[in-house]
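I have a new notebook page open and a structure to get to know. Here is what I looked up, in the order I went.

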Amino acid sequence: MTPSTFPPELLDSICSLLPTTDLVAVASANYTLNAVAQRTLYRTISITPAANNLSVLSTLTARPHIAIHVRTFSITIHHEQPHTFYTLLAKALEQMTELTSLTLFLDADASWVLNSEAHYLNLTSFASSFPFDSNLVDFLSRTPLVVDLQVGSALPSSDQPEINLPPSSIPNLARFTGPHHTARVVVPQRPVEALFLSEVISDDSIFGQLSQSKSNIIIFDAVVSLGLLPCVTAISQAMPSLHYLRLMTVAPLDEYFDPSLYQQLSDALGSMSALASFDYSGMNWTCWNDSDSKRVWQSSPPTPNPDAFQPPAEHTDDIFEFSENMILF
(Lines give C-alpha, C1' and ligand atoms only; values in the text may rest on other atoms or scores of the structure.)
Protein backbone atom coordinates (compact mmCIF):
# COMPACT_ATOMS: atom_id res chain seq x y z
CA MET A 1 0.00 0.00 0.00
CA THR A 2 1.48 3.34 -1.08
CA PRO A 3 1.07 6.63 0.85
CA SER A 4 -1.19 7.99 -1.89
CA THR A 5 -3.78 5.32 -1.05
CA PHE A 6 -4.09 6.43 2.59
CA PRO A 7 -6.87 8.88 3.49
CA PRO A 8 -5.38 12.41 3.78
CA GLU A 9 -6.89 12.80 7.25
CA LEU A 10 -5.02 9.71 8.47
CA LEU A 11 -1.70 10.94 7.08
CA ASP A 12 -2.25 14.36 8.67
CA SER A 13 -2.99 12.73 12.02
CA ILE A 14 0.15 10.62 11.84
CA CYS A 15 2.33 13.61 10.91
CA SER A 16 0.87 15.71 13.72
CA LEU A 17 2.39 13.22 16.19
CA LEU A 18 5.91 13.34 14.73
CA PRO A 19 8.75 15.56 16.01
CA THR A 20 10.09 18.18 13.67
CA THR A 21 13.21 16.23 12.72
CA ASP A 22 11.09 13.27 11.60
CA LEU A 23 8.74 15.56 9.68
CA VAL A 24 11.67 16.95 7.72
CA ALA A 25 12.66 13.39 6.85
CA VAL A 26 9.11 12.59 5.78
CA ALA A 27 9.09 15.70 3.56
CA SER A 28 12.17 14.34 1.79
CA ALA A 29 10.60 10.96 0.98
CA ASN A 30 8.44 11.65 -2.06
CA TYR A 31 5.98 14.10 -3.55
CA THR A 32 2.92 12.79 -1.68
CA LEU A 33 4.55 12.71 1.75
CA ASN A 34 6.21 16.07 1.13
CA ALA A 35 2.80 17.72 0.71
CA VAL A 36 1.48 16.00 3.85
CA ALA A 37 4.50 16.99 5.97
CA GLN A 38 4.38 20.59 4.78
CA ARG A 39 0.84 20.94 6.09
CA THR A 40 2.18 20.23 9.57
CA LEU A 41 5.60 21.88 9.27
CA TYR A 42 4.15 25.21 8.20
CA ARG A 43 1.01 25.15 10.35
CA THR A 44 2.64 27.31 13.05
CA ILE A 45 5.37 29.83 12.23
CA SER A 46 7.10 32.14 14.70
CA ILE A 47 9.69 34.55 13.30
CA THR A 48 12.17 36.30 15.59
CA PRO A 49 15.71 37.62 15.14
CA ALA A 50 16.96 35.03 17.64
CA ALA A 51 15.57 32.19 15.54
CA ASN A 52 17.32 33.59 12.45
CA ASN A 53 14.45 32.42 10.27
CA LEU A 54 13.48 35.51 8.30
CA SER A 55 14.08 33.58 5.08
CA VAL A 56 10.77 31.76 5.58
CA LEU A 57 9.06 34.90 4.24
CA SER A 58 10.68 34.29 0.87
CA THR A 59 9.38 30.72 0.91
CA LEU A 60 5.83 31.78 1.72
CA THR A 61 5.89 34.48 -0.94
CA ALA A 62 7.28 32.28 -3.69
CA ARG A 63 5.13 29.24 -2.87
CA PRO A 64 1.46 30.11 -2.25
CA HIS A 65 0.62 26.40 -1.98
CA ILE A 66 2.71 26.35 1.22
CA ALA A 67 1.46 29.68 2.60
CA ILE A 68 -2.10 28.38 2.46
CA HIS A 69 -1.20 25.78 5.14
CA VAL A 70 -0.21 28.39 7.77
CA ARG A 71 -2.71 28.70 10.60
CA THR A 72 -0.72 30.57 13.26
CA PHE A 73 1.77 33.24 12.21
CA SER A 74 3.78 35.40 14.59
CA ILE A 75 6.59 37.86 13.91
CA THR A 76 8.39 40.00 16.47
CA ILE A 77 11.07 42.38 15.19
CA HIS A 78 12.14 45.19 17.50
CA HIS A 79 14.80 46.81 15.32
CA GLU A 80 14.34 48.67 12.05
CA GLN A 81 14.13 46.65 8.85
CA PRO A 82 14.60 47.75 5.22
CA HIS A 83 11.58 48.50 3.08
CA THR A 84 12.16 45.32 1.07
CA PHE A 85 11.53 43.27 4.22
CA TYR A 86 8.10 44.84 4.75
CA THR A 87 7.25 44.42 1.08
CA LEU A 88 8.06 40.72 1.38
CA LEU A 89 6.01 40.44 4.56
CA ALA A 90 3.02 42.13 2.90
CA LYS A 91 3.14 39.63 0.04
CA ALA A 92 3.43 36.69 2.43
CA LEU A 93 0.45 37.89 4.47
CA GLU A 94 -1.60 38.17 1.31
CA GLN A 95 -0.93 34.48 0.63
CA MET A 96 -1.84 33.21 4.14
CA THR A 97 -5.61 33.46 3.83
CA GLU A 98 -6.35 30.44 6.06
CA LEU A 99 -4.85 32.01 9.19
CA THR A 100 -6.62 31.58 12.52
CA SER A 101 -4.12 33.59 14.59
CA LEU A 102 -1.90 36.50 13.51
CA THR A 103 0.62 38.43 15.63
CA LEU A 104 2.65 41.32 14.20
CA PHE A 105 4.95 43.27 16.53
CA LEU A 106 6.88 45.54 14.18
CA ASP A 107 7.47 49.22 13.55
CA ALA A 108 4.21 50.98 14.44
CA ASP A 109 4.18 52.90 11.15
CA ALA A 110 4.32 49.73 9.04
CA SER A 111 0.58 48.99 9.13
CA TRP A 112 0.55 49.31 5.32
CA VAL A 113 1.70 45.66 5.17
CA LEU A 114 -1.96 44.78 5.84
CA ASN A 115 -3.10 46.39 2.60
CA SER A 116 -4.46 43.83 0.19
CA GLU A 117 -7.71 42.44 -1.17
CA ALA A 118 -7.33 39.18 0.78
CA HIS A 119 -10.04 38.09 3.20
CA TYR A 120 -9.20 36.12 6.34
CA LEU A 121 -12.43 34.30 6.98
CA ASN A 122 -11.01 32.00 9.68
CA LEU A 123 -8.96 34.53 11.65
CA THR A 124 -10.09 34.69 15.30
CA SER A 125 -7.10 36.32 17.01
CA PHE A 126 -5.14 39.38 15.84
CA ALA A 127 -2.47 41.21 17.84
CA SER A 128 -0.19 43.96 16.57
CA SER A 129 1.82 47.01 17.53
CA PHE A 130 0.00 49.02 14.86
CA PRO A 131 -2.20 51.95 15.87
CA PHE A 132 -5.87 52.03 15.00
CA ASP A 133 -5.43 53.72 11.62
CA SER A 134 -7.17 53.43 8.25
CA ASN A 135 -5.00 50.45 7.23
CA LEU A 136 -6.02 48.52 10.32
CA VAL A 137 -9.70 49.46 9.95
CA ASP A 138 -9.68 48.20 6.37
CA PHE A 139 -7.98 44.96 7.44
CA LEU A 140 -10.56 44.34 10.18
CA SER A 141 -13.34 44.71 7.62
CA ARG A 142 -11.93 41.53 6.04
CA THR A 143 -11.74 39.49 9.28
CA PRO A 144 -15.35 38.76 10.29
CA LEU A 145 -14.57 36.12 12.95
CA VAL A 146 -12.02 37.98 15.08
CA VAL A 147 -12.88 37.61 18.78
CA ASP A 148 -9.53 38.70 20.29
CA LEU A 149 -7.98 42.01 19.21
CA GLN A 150 -4.85 43.83 20.39
CA VAL A 151 -3.67 47.13 18.91
CA GLY A 152 -0.90 49.60 19.68
CA SER A 153 -0.89 53.23 20.72
CA ALA A 154 -1.35 56.06 18.26
CA LEU A 155 1.74 57.50 16.65
CA PRO A 156 2.74 60.93 17.99
CA SER A 157 1.01 63.27 15.58
CA SER A 158 -1.32 66.23 15.90
CA ASP A 159 -3.04 65.82 12.54
CA GLN A 160 -4.29 62.23 12.68
CA PRO A 161 -7.90 62.05 11.48
CA GLU A 162 -10.55 60.41 13.60
CA ILE A 163 -11.07 56.80 12.57
CA ASN A 164 -14.53 55.23 12.54
CA LEU A 165 -15.07 51.48 12.54
CA PRO A 166 -18.09 50.38 10.48
CA PRO A 167 -20.71 48.48 12.54
CA SER A 168 -20.30 45.47 10.27
CA SER A 169 -16.62 44.99 11.18
CA ILE A 170 -15.51 42.41 13.79
CA PRO A 171 -19.09 41.73 14.95
CA ASN A 172 -17.96 38.88 17.24
CA LEU A 173 -15.26 40.75 19.17
CA ALA A 174 -15.10 39.53 22.78
CA ARG A 175 -11.67 40.61 24.05
CA PHE A 176 -9.86 43.92 23.46
CA THR A 177 -6.35 45.03 24.46
CA GLY A 178 -5.12 48.51 23.62
CA PRO A 179 -5.48 52.25 24.28
CA HIS A 180 -8.67 53.43 25.96
CA HIS A 181 -9.36 55.98 23.22
CA THR A 182 -9.48 53.10 20.72
CA ALA A 183 -11.72 51.10 23.05
CA ARG A 184 -14.25 53.96 22.87
CA VAL A 185 -14.55 53.28 19.12
CA VAL A 186 -14.33 49.49 19.15
CA VAL A 187 -16.38 48.37 22.17
CA PRO A 188 -19.84 49.94 21.68
CA GLN A 189 -22.31 47.64 19.90
CA ARG A 190 -19.95 44.67 19.95
CA PRO A 191 -20.11 41.71 22.38
CA VAL A 192 -16.93 42.65 24.27
CA GLU A 193 -16.54 40.87 27.62
CA ALA A 194 -12.88 41.51 28.52
CA LEU A 195 -10.95 44.80 28.39
CA PHE A 196 -7.24 45.34 29.00
CA LEU A 197 -6.60 49.05 28.53
CA SER A 198 -3.27 50.76 28.10
CA GLU A 199 -2.60 54.49 28.57
CA VAL A 200 -3.74 56.34 31.65
CA ILE A 201 -7.47 56.96 32.13
CA SER A 202 -8.12 60.39 33.65
CA ASP A 203 -11.78 60.85 32.67
CA ASP A 204 -14.42 58.60 34.23
CA SER A 205 -16.82 59.22 31.33
CA ILE A 206 -15.11 56.39 29.46
CA PHE A 207 -16.69 53.80 31.77
CA GLY A 208 -20.17 54.75 30.59
CA GLN A 209 -19.06 54.55 26.96
CA LEU A 210 -17.57 51.10 27.47
CA SER A 211 -20.81 49.92 29.07
CA GLN A 212 -22.38 50.16 25.60
CA SER A 213 -20.92 46.73 24.81
CA LYS A 214 -23.58 44.28 23.63
CA SER A 215 -22.37 41.84 26.32
CA ASN A 216 -21.72 42.27 30.01
CA ILE A 217 -18.10 43.22 30.63
CA ILE A 218 -16.74 40.67 33.09
CA ILE A 219 -12.99 41.48 33.03
CA PHE A 220 -11.62 45.01 33.31
CA ASP A 221 -7.91 45.87 33.61
CA ALA A 222 -6.71 49.46 33.31
CA VAL A 223 -4.30 52.18 34.45
CA VAL A 224 -5.98 55.21 36.04
CA SER A 225 -5.09 58.57 37.54
CA LEU A 226 -8.49 58.96 39.22
CA GLY A 227 -9.14 58.70 42.94
CA LEU A 228 -9.86 55.17 44.10
CA LEU A 229 -13.37 55.73 45.45
CA PRO A 230 -14.80 57.77 42.52
CA CYS A 231 -13.14 55.39 40.06
CA VAL A 232 -14.54 52.21 41.64
CA THR A 233 -17.94 53.84 42.09
CA ALA A 234 -18.11 54.83 38.40
CA ILE A 235 -16.99 51.37 37.31
CA SER A 236 -19.52 49.62 39.54
CA GLN A 237 -22.33 51.68 38.04
CA ALA A 238 -21.22 51.15 34.43
CA MET A 239 -20.10 47.50 34.70
CA PRO A 240 -22.17 45.84 37.45
CA SER A 241 -21.51 42.32 36.11
CA LEU A 242 -17.72 42.39 36.53
CA HIS A 243 -16.04 39.20 37.73
CA TYR A 244 -12.48 40.52 37.77
CA LEU A 245 -11.26 44.08 38.33
CA ARG A 246 -7.64 45.18 38.30
CA LEU A 247 -6.56 48.80 38.51
CA MET A 248 -3.07 50.26 38.43
CA THR A 249 -2.79 53.86 39.52
CA VAL A 250 -0.38 56.70 38.80
CA ALA A 251 -1.99 58.78 41.56
CA PRO A 252 -0.60 58.96 45.13
CA LEU A 253 -1.73 56.05 47.27
CA ASP A 254 -2.25 58.14 50.43
CA GLU A 255 -6.03 58.03 50.12
CA TYR A 256 -5.95 54.26 49.98
CA PHE A 257 -4.97 54.18 53.67
CA ASP A 258 -7.79 56.50 54.79
CA PRO A 259 -10.04 54.35 57.04
CA SER A 260 -13.08 56.52 56.24
CA LEU A 261 -13.01 55.24 52.64
CA TYR A 262 -13.11 51.56 53.48
CA GLN A 263 -16.84 51.27 54.06
CA GLN A 264 -17.70 53.26 50.94
CA LEU A 265 -15.26 51.19 48.87
CA SER A 266 -16.66 47.98 50.30
CA ASP A 267 -20.18 49.08 49.41
CA ALA A 268 -19.15 50.00 45.85
CA LEU A 269 -17.39 46.69 45.37
CA GLY A 270 -20.25 44.81 46.99
CA SER A 271 -22.72 46.27 44.51
CA MET A 272 -21.01 44.15 41.83
CA SER A 273 -22.57 40.88 42.92
CA ALA A 274 -20.47 38.67 40.61
CA LEU A 275 -17.12 40.28 41.46
CA ALA A 276 -14.67 37.60 42.60
CA SER A 277 -11.34 39.45 42.51
CA PHE A 278 -10.19 43.05 42.95
CA ASP A 279 -6.58 44.22 42.73
CA TYR A 280 -5.48 47.81 43.21
CA SER A 281 -1.85 48.57 42.37
CA GLY A 282 -0.73 45.16 43.57
CA MET A 283 -2.84 45.19 46.75
CA ASN A 284 -5.43 42.44 46.80
CA TRP A 285 -8.92 42.75 48.24
CA THR A 286 -10.77 39.73 49.56
CA CYS A 287 -14.50 39.23 49.98
CA TRP A 288 -16.44 37.53 52.78
CA ASN A 289 -20.03 37.45 54.00
CA ASP A 290 -20.96 39.05 57.33
CA SER A 291 -23.62 37.77 59.74
CA ASP A 292 -26.33 39.33 57.56
CA SER A 293 -24.96 37.58 54.45
CA LYS A 294 -23.80 40.94 53.13
CA ARG A 295 -20.70 40.83 50.99
CA VAL A 296 -17.87 42.74 52.65
CA TRP A 297 -14.65 43.64 50.87
CA GLN A 298 -11.41 44.19 52.74
CA SER A 299 -7.89 44.95 51.55
CA SER A 300 -5.20 42.39 52.16
CA PRO A 301 -1.63 42.87 50.93
CA PRO A 302 -0.29 39.86 49.08
CA THR A 303 1.66 37.42 51.26
CA PRO A 304 4.64 35.87 49.48
CA ASN A 305 4.88 32.10 49.74
CA PRO A 306 8.51 31.01 49.36
CA ASP A 307 7.43 27.39 48.91
CA ALA A 308 5.37 28.37 45.85
CA PHE A 309 8.44 29.38 43.88
CA GLN A 310 9.75 26.71 41.57
CA PRO A 311 12.78 27.43 39.39
CA PRO A 312 11.98 26.91 35.71
CA ALA A 313 12.94 23.49 34.47
CA GLU A 314 15.50 23.38 31.74
CA HIS A 315 13.96 22.31 28.48
CA THR A 316 14.54 22.53 24.79
CA ASP A 317 11.65 23.48 22.55
CA ASP A 318 11.15 21.47 19.42
CA ILE A 319 11.58 24.45 17.12
CA PHE A 320 11.48 23.94 13.39
CA GLU A 321 14.47 25.65 11.79
CA PHE A 322 13.34 26.85 8.37
CA SER A 323 16.17 26.42 5.94
CA GLU A 324 16.78 27.21 2.33
CA ASN A 325 18.05 23.62 2.00
CA MET A 326 14.70 22.13 2.88
CA ILE A 327 13.27 19.95 0.14
CA LEU A 328 10.25 21.63 -1.43
CA PHE A 329 8.32 20.26 -4.35
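**Entry 1: the whole chain**

I am working with a predicted model. I began with contacts between residues at least 6 apart in sequence, and found that 58% of them join residues at least 24 apart. Next I looked up the make-up of the chain, which has eleven helices and twelve strands. I also checked burial: 41% of the 329 residues count as buried.

**Entry 2: the core**

Which residues touch the most other members of the largest nonpolar core? I found Leu 60, Phe 73, Phe 207, Phe 220 and Phe 278, in a core of 82 residues. Helix α10, residues 228–238, gives this core its largest share, with seven residues. I noted a general point beside this: in soluble globular proteins, nonpolar side chains tend to be buried together.

I then picked Phe 220 and listed its partners, leaving out residues up to four places away in sequence. Among those that Phe 220 touches are Leu 195, Leu 197, Ile 201, Phe 207 and Leu 210. Its contacts also include Ile 235, Met 239, Tyr 244 and Arg 246.

**Entry 3: helix α10**

Why do I call α10 largely enclosed by the rest of the structure? Eight of its eleven residues are buried, so that description fits. I wrote down the buried ones: Leu 228, Leu 229, Cys 231, Val 232, Ala 234, Ile 235, Ser 236 and Ala 238. Ile 235 was already in my notes as a contact of Phe 220.

Then I asked what covers these buried residues of α10. The cover includes helices α9 (205–210) and α11 (260–270), together with strands β8 (219–224), β9 and β10 (277–280).

**Entry 4: Thr 249 in β9**

I followed β9, residues 244–249, and stopped at Thr 249. Is Thr 249 buried or exposed? Its relative accessibility is 15%, and because buried means under 20%, Thr 249 counts as buried. The side chain of Thr 249 reaches the backbone oxygen of Val 224 at 3.4 Å. Beyond residues up to four places away in sequence, Thr 249 touches Val 224, Leu 226, Tyr 280 and Ser 281.

**Entry 5: aromatic rings**

How many aromatic pairs are there? I count eight. One of them joins Phe 85 and Tyr 86, edge-to-face, with 5.0 Å centre to centre and 75° between the planes. Both partners are covered: Phe 85 is buried at 6% relative accessibility, and Tyr 86 is buried at 5%.

I also found an aromatic cluster made of Tyr 262, Phe 278, Tyr 280 and Trp 285. Two of these names were familiar: Phe 278 from the core list, and Tyr 280 as a contact of Thr 249.

**Entry 6: strand β3 and its neighbours**

Last, I turned to β3, residues 101–105, which is mostly covered, with four of its five residues buried. Which strands pair with β3? One is β2 (residues 72–76), parallel to β3 over five bridges. Here Ile 75 stands opposite Leu 104 of β3. The other I noted is β4 (residues 125–128), joined to β3 by four bridges and also running parallel. In that pairing, Ser 101 stands opposite Ser 125 of β4.

I closed the page with the link between β2 and β3: together with helix α6 (residues 83–95), they make a right-handed β-α-β unit.

Definitions and conventions: Residues are numbered from 1 along each chain as its sequence is written. This is a predicted model: local features need pLDDT of at least 70, side-chain atom pairs count only at pLDDT 80 or more; totals for chains, interfaces and linings use all residues. Side-chain values use heavy atoms; hydrogens and water are left out. A nonpolar core is a set of buried Ala, Val, Leu, Ile, Met, Phe, Trp, Tyr and Cys residues joined through side-chain atoms within 4.5 Å. Buried means under 20% relative accessible area, exposed over 50%, partly exposed in between (1.4 Å probe, protein chains only). Helices (H or I, at least four residues) and strands (E, at least two) are DSSP runs, numbered from the N terminus. Contact means heavy atoms within 4.5 Å. A polar contact is a pair of N or O atoms within 3.5 Å; within protein, one must be able to donate a hydrogen and the other to accept it, and residues adjacent in sequence count only if both atoms are side-chain atoms. Rings of Phe, Tyr and Trp (its six-membered ring) pair if their centres lie within 6.5 Å; planes under 30 degrees apart count as stacked, over 60 as edge-to-face and the rest as tilted. Two strands pair if DSSP finds at least two bridges between them. A crossover is right-handed if, with the strands pointing away from the viewer, the path from the first strand over the helix to the second runs clockwise.
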